[in-house]
Amino acid sequence: MLAGLLLGLGSPPAHAQQVTATVDSATSVVHYTGTAPLHSWRGTSRSVEGEFVLRPTRPDSSRAVVRIPVASFDSGNSRRDRGMRDVTEAEEYPFVTFRGTDFSPATWGRGASGYRGGWAIAGKLTFHGRTHSLADTVLVDVDGDTVRARAEFDVSLTRFDVERPGFMGFTVGDTIRIDAQLTGPIAPDPSSLP
(Lines give C-alpha, C1' and ligand atoms only; values in the text may rest on other atoms or scores of the structure.)
Protein backbone atom coordinates (compact mmCIF):
# COMPACT_ATOMS: atom_id res chain seq x y z
CA MET A 1 0.00 0.00 0.00
CA LEU A 2 2.49 2.34 0.62
CA ALA A 3 4.93 2.85 -1.92
CA GLY A 4 8.52 3.89 -1.16
CA LEU A 5 7.28 6.21 1.33
CA LEU A 6 10.45 7.18 3.20
CA LEU A 7 13.28 9.39 2.07
CA GLY A 8 15.09 12.49 3.14
CA LEU A 9 18.27 14.47 3.48
CA GLY A 10 19.51 16.54 6.37
CA SER A 11 20.34 20.18 6.06
CA PRO A 12 23.89 20.18 7.50
CA PRO A 13 26.62 19.11 5.04
CA ALA A 14 27.30 15.91 7.04
CA HIS A 15 23.72 14.79 6.43
CA ALA A 16 24.16 15.33 2.70
CA GLN A 17 26.25 12.15 2.64
CA GLN A 18 23.78 9.84 4.41
CA VAL A 19 20.46 10.09 6.23
CA THR A 20 19.10 7.46 8.58
CA ALA A 21 15.59 7.89 9.98
CA THR A 22 12.81 5.99 11.70
CA VAL A 23 9.13 6.68 10.99
CA ASP A 24 7.38 8.43 13.87
CA SER A 25 4.01 6.68 14.20
CA ALA A 26 2.66 9.54 16.34
CA THR A 27 2.93 12.01 13.45
CA SER A 28 2.70 9.75 10.36
CA VAL A 29 -0.53 8.70 8.66
CA VAL A 30 -1.56 6.55 5.72
CA HIS A 31 -5.01 6.89 4.11
CA TYR A 32 -6.67 4.67 1.56
CA THR A 33 -9.66 5.75 -0.55
CA GLY A 34 -12.07 3.16 -1.87
CA THR A 35 -14.94 3.66 -4.28
CA ALA A 36 -18.27 2.08 -5.14
CA PRO A 37 -20.84 3.21 -7.73
CA LEU A 38 -22.77 5.34 -5.22
CA HIS A 39 -20.06 6.60 -2.86
CA SER A 40 -16.43 6.66 -1.80
CA TRP A 41 -14.82 6.37 1.62
CA ARG A 42 -11.48 6.76 3.33
CA GLY A 43 -9.71 4.54 5.85
CA THR A 44 -6.86 5.80 7.99
CA SER A 45 -3.98 4.15 9.83
CA ARG A 46 -1.69 5.86 12.32
CA SER A 47 0.20 2.64 13.08
CA VAL A 48 2.97 3.09 10.53
CA GLU A 49 6.37 1.52 11.22
CA GLY A 50 9.49 1.91 9.15
CA GLU A 51 13.01 3.09 8.68
CA PHE A 52 15.31 4.04 5.88
CA VAL A 53 18.81 4.94 4.89
CA LEU A 54 19.29 7.37 2.03
CA ARG A 55 22.69 7.94 0.44
CA PRO A 56 22.34 10.77 -2.08
CA THR A 57 25.87 10.36 -3.40
CA ARG A 58 25.31 6.60 -3.81
CA PRO A 59 21.55 6.15 -4.37
CA ASP A 60 22.02 2.48 -5.31
CA SER A 61 22.99 1.73 -1.69
CA SER A 62 19.88 3.40 -0.21
CA ARG A 63 17.12 1.32 1.38
CA ALA A 64 13.67 1.71 2.94
CA VAL A 65 11.10 -0.49 4.66
CA VAL A 66 7.57 0.58 5.66
CA ARG A 67 5.02 -1.68 7.38
CA ILE A 68 1.38 -1.13 8.39
CA PRO A 69 -1.00 -3.54 10.17
CA VAL A 70 -4.01 -4.14 7.89
CA ALA A 71 -6.37 -4.20 10.89
CA SER A 72 -5.23 -0.70 11.93
CA PHE A 73 -7.18 1.03 9.12
CA ASP A 74 -10.31 2.78 10.40
CA SER A 75 -12.93 4.11 7.99
CA GLY A 76 -15.35 5.23 10.68
CA ASN A 77 -17.71 2.36 9.81
CA SER A 78 -17.06 -0.80 11.86
CA ARG A 79 -19.08 -3.02 9.48
CA ARG A 80 -17.08 -1.86 6.47
CA ASP A 81 -13.80 -2.30 8.40
CA ARG A 82 -14.76 -5.87 9.37
CA GLY A 83 -15.56 -6.59 5.72
CA MET A 84 -12.20 -5.14 4.65
CA ARG A 85 -10.37 -7.33 7.17
CA ASP A 86 -12.32 -10.37 5.92
CA VAL A 87 -11.58 -9.92 2.19
CA THR A 88 -7.91 -9.07 2.83
CA GLU A 89 -7.65 -12.05 5.23
CA ALA A 90 -5.98 -9.77 7.78
CA GLU A 91 -5.55 -12.54 10.36
CA GLU A 92 -3.51 -14.64 7.90
CA TYR A 93 -1.77 -11.67 6.23
CA PRO A 94 -1.60 -9.04 8.99
CA PHE A 95 0.74 -6.49 7.36
CA VAL A 96 1.17 -4.44 4.23
CA THR A 97 4.91 -3.98 3.63
CA PHE A 98 6.93 -1.97 1.15
CA ARG A 99 10.66 -2.58 0.62
CA GLY A 100 12.44 -0.03 -1.53
CA THR A 101 15.17 -1.40 -3.78
CA ASP A 102 15.93 1.34 -6.35
CA PHE A 103 16.36 5.04 -5.51
CA SER A 104 17.14 7.99 -7.75
CA PRO A 105 16.83 11.73 -7.09
CA ALA A 106 14.46 13.14 -9.72
CA THR A 107 14.70 16.70 -8.43
CA TRP A 108 16.73 17.55 -5.37
CA GLY A 109 18.17 20.72 -3.94
CA ARG A 110 18.67 22.90 -0.95
CA GLY A 111 15.79 25.18 0.03
CA ALA A 112 15.45 27.80 2.76
CA SER A 113 14.93 25.24 5.55
CA GLY A 114 16.77 22.21 4.16
CA TYR A 115 16.83 19.79 1.27
CA ARG A 116 13.67 19.13 -0.72
CA GLY A 117 12.48 17.57 -3.93
CA GLY A 118 11.35 14.29 -5.43
CA TRP A 119 12.91 10.85 -5.48
CA ALA A 120 11.98 8.08 -7.89
CA ILE A 121 11.65 4.90 -5.84
CA ALA A 122 10.94 1.35 -6.93
CA GLY A 123 10.53 -1.72 -4.79
CA LYS A 124 8.26 -4.55 -3.73
CA LEU A 125 4.81 -4.15 -2.15
CA THR A 126 3.55 -7.17 -0.19
CA PHE A 127 -0.20 -7.24 0.50
CA HIS A 128 -2.60 -10.15 1.01
CA GLY A 129 0.30 -12.59 0.77
CA ARG A 130 1.26 -11.45 -2.74
CA THR A 131 4.28 -9.37 -3.70
CA HIS A 132 4.42 -7.10 -6.75
CA SER A 133 6.70 -4.36 -8.02
CA LEU A 134 5.73 -0.77 -7.31
CA ALA A 135 7.36 2.46 -8.47
CA ASP A 136 6.49 6.02 -7.57
CA THR A 137 7.91 9.48 -6.97
CA VAL A 138 8.13 10.42 -3.31
CA LEU A 139 8.12 14.10 -2.34
CA VAL A 140 10.63 14.76 0.42
CA ASP A 141 11.18 17.80 2.63
CA VAL A 142 13.87 18.09 5.28
CA ASP A 143 13.50 20.75 7.96
CA GLY A 144 16.28 20.74 10.55
CA ASP A 145 16.41 17.26 12.04
CA THR A 146 13.02 16.12 10.69
CA VAL A 147 12.16 14.54 7.34
CA ARG A 148 8.70 14.46 5.78
CA ALA A 149 7.86 12.20 2.85
CA ARG A 150 4.65 11.97 0.85
CA ALA A 151 3.60 9.45 -1.77
CA GLU A 152 0.29 8.92 -3.56
CA PHE A 153 -0.31 5.84 -5.69
CA ASP A 154 -2.94 3.30 -6.76
CA VAL A 155 -3.24 -0.36 -5.78
CA SER A 156 -5.33 -2.87 -7.77
CA LEU A 157 -7.27 -5.27 -5.56
CA THR A 158 -7.44 -7.78 -8.40
CA ARG A 159 -3.66 -7.74 -8.84
CA PHE A 160 -3.25 -8.73 -5.17
CA ASP A 161 -6.01 -11.37 -5.39
CA VAL A 162 -8.36 -9.52 -3.04
CA GLU A 163 -12.02 -10.36 -3.59
CA ARG A 164 -13.95 -7.19 -4.35
CA PRO A 165 -16.97 -7.14 -2.04
CA GLY A 166 -20.39 -6.27 -3.33
CA PHE A 167 -23.68 -5.07 -1.90
CA MET A 168 -27.09 -5.04 -3.61
CA GLY A 169 -25.51 -5.78 -6.99
CA PHE A 170 -22.80 -3.12 -6.74
CA THR A 171 -19.13 -4.04 -6.47
CA VAL A 172 -16.36 -2.09 -4.83
CA GLY A 173 -14.00 -0.49 -7.36
CA ASP A 174 -10.79 -2.33 -8.17
CA THR A 175 -8.51 0.66 -7.56
CA ILE A 176 -7.63 1.77 -4.04
CA ARG A 177 -5.88 5.15 -3.80
CA ILE A 178 -3.10 5.38 -1.17
CA ASP A 179 -1.92 8.66 0.38
CA ALA A 180 1.05 8.19 2.71
CA GLN A 181 2.33 11.12 4.79
CA LEU A 182 5.34 10.04 6.81
CA THR A 183 7.43 11.99 9.30
CA GLY A 184 10.51 10.97 11.23
CA PRO A 185 13.56 12.27 13.08
CA ILE A 186 16.90 12.09 11.32
CA ALA A 187 19.45 10.06 13.28
CA PRO A 188 22.99 11.39 13.64
CA ASP A 189 25.35 10.39 10.85
CA PRO A 190 27.80 7.93 12.47
CA SER A 191 30.64 9.23 10.30
CA SER A 192 30.24 12.74 11.79
CA LEU A 193 30.49 11.60 15.43
CA PRO A 194 33.78 12.01 17.33
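Let's start at a hairpin: strands β2 and β3 are joined through two residues. Keep in mind as you look that this is a predicted model. Strand β2 covers residues 29–36 and β3 covers residues 39–45, and the two run antiparallel, with seven bridges joining them. To see one of those bridges for yourself, find H31 and look across to β3, where T44 is its partner.

T44 also turns up in another neighbourhood. Which residues does D74 touch, if you ignore those up to four places away in sequence? They are R42, G43, T44 and D81. D74 itself sits in the loop between β5 and α1, the helix at 78–87. Along the chain, D74 and R42 are 32 residues apart, yet their C-alpha atoms are 8.2 Å apart in space. Is D74 buried, exposed or something in between? Its relative accessible area is 47%, so D74 is partly exposed, given that "exposed" would need over 50% and "buried" under 20%.

Now for the charged pairs. How many salt bridges does the count come to? It comes to six. Let's visit some of them, beginning with R67 and E49, whose side chains meet in a salt bridge with 3.2 Å from N to O. Why does this pair tie together separate parts of the chain? R67 belongs to strand β5 (residues 63–69) while E49 belongs to strand β4 (residues 49–54), so the bridge connects parts that are 18 residues apart in sequence. Both partners fall in the middle category for accessibility: R67 is partly exposed at 31%, and E49 is partly exposed too, at 38%.

Next, move along to strands β8 and β9. Strand β8 spans residues 130–143, and it pairs with β9 in the antiparallel sense over five bridges. One bridge to look for puts L139 together with R150 in β9. Between these two strands is another hairpin with two residues in the connection, and there G144 takes a positive phi near 65°.

Stay with R150 for a moment, as its side chain has a story of its own. R150 forms a salt bridge with E152, and the closest N and O atoms of the pair are 3.5 Å apart. The accessibility values are 35% for R150, which counts as partly exposed, and 40% for E152, also partly exposed. What else joins in? D179 does: R150, E152 and D179 are linked in a network of salt bridges.

Strand β9 has a further partner, β12. How many bridges pair β9 with β12? There are eleven, and the pairing is antiparallel. If you want a place to check this by eye, V147 stands opposite G184 in β12.

A salt bridge can be found between these strands as well. R177 and D154 form one, with their closest N and O atoms 3.0 Å apart. R177 is in strand β12 (residues 175–187) and D154 is in strand β9 (residues 146–156), so this pair, 23 residues apart, links distant parts of the chain. As for accessibility, R177 is partly exposed with a relative accessible area of 35%, and D154 is partly exposed at 44%. Try tracing β9 once more in the structure: five bridges pair it with β8, and eleven pair it with β12.

Key
Residues are numbered from 1 along each chain as its sequence is written. This is a predicted model: local features need pLDDT of at least 70, side-chain atom pairs count only at pLDDT 80 or more; totals for chains, interfaces and linings use all residues. Side-chain values use heavy atoms; hydrogens and water are left out. A salt bridge is a side-chain nitrogen of Lys or Arg within 4 Å of a carboxyl oxygen of Asp or Glu. Helices (H or I, at least four residues) and strands (E, at least two) are DSSP runs, numbered from the N terminus. Buried means under 20% relative accessible area, exposed over 50%, partly exposed in between (1.4 Å probe, protein chains only). Two strands pair if DSSP finds at least two bridges between them. Contact means heavy atoms within 4.5 Å.
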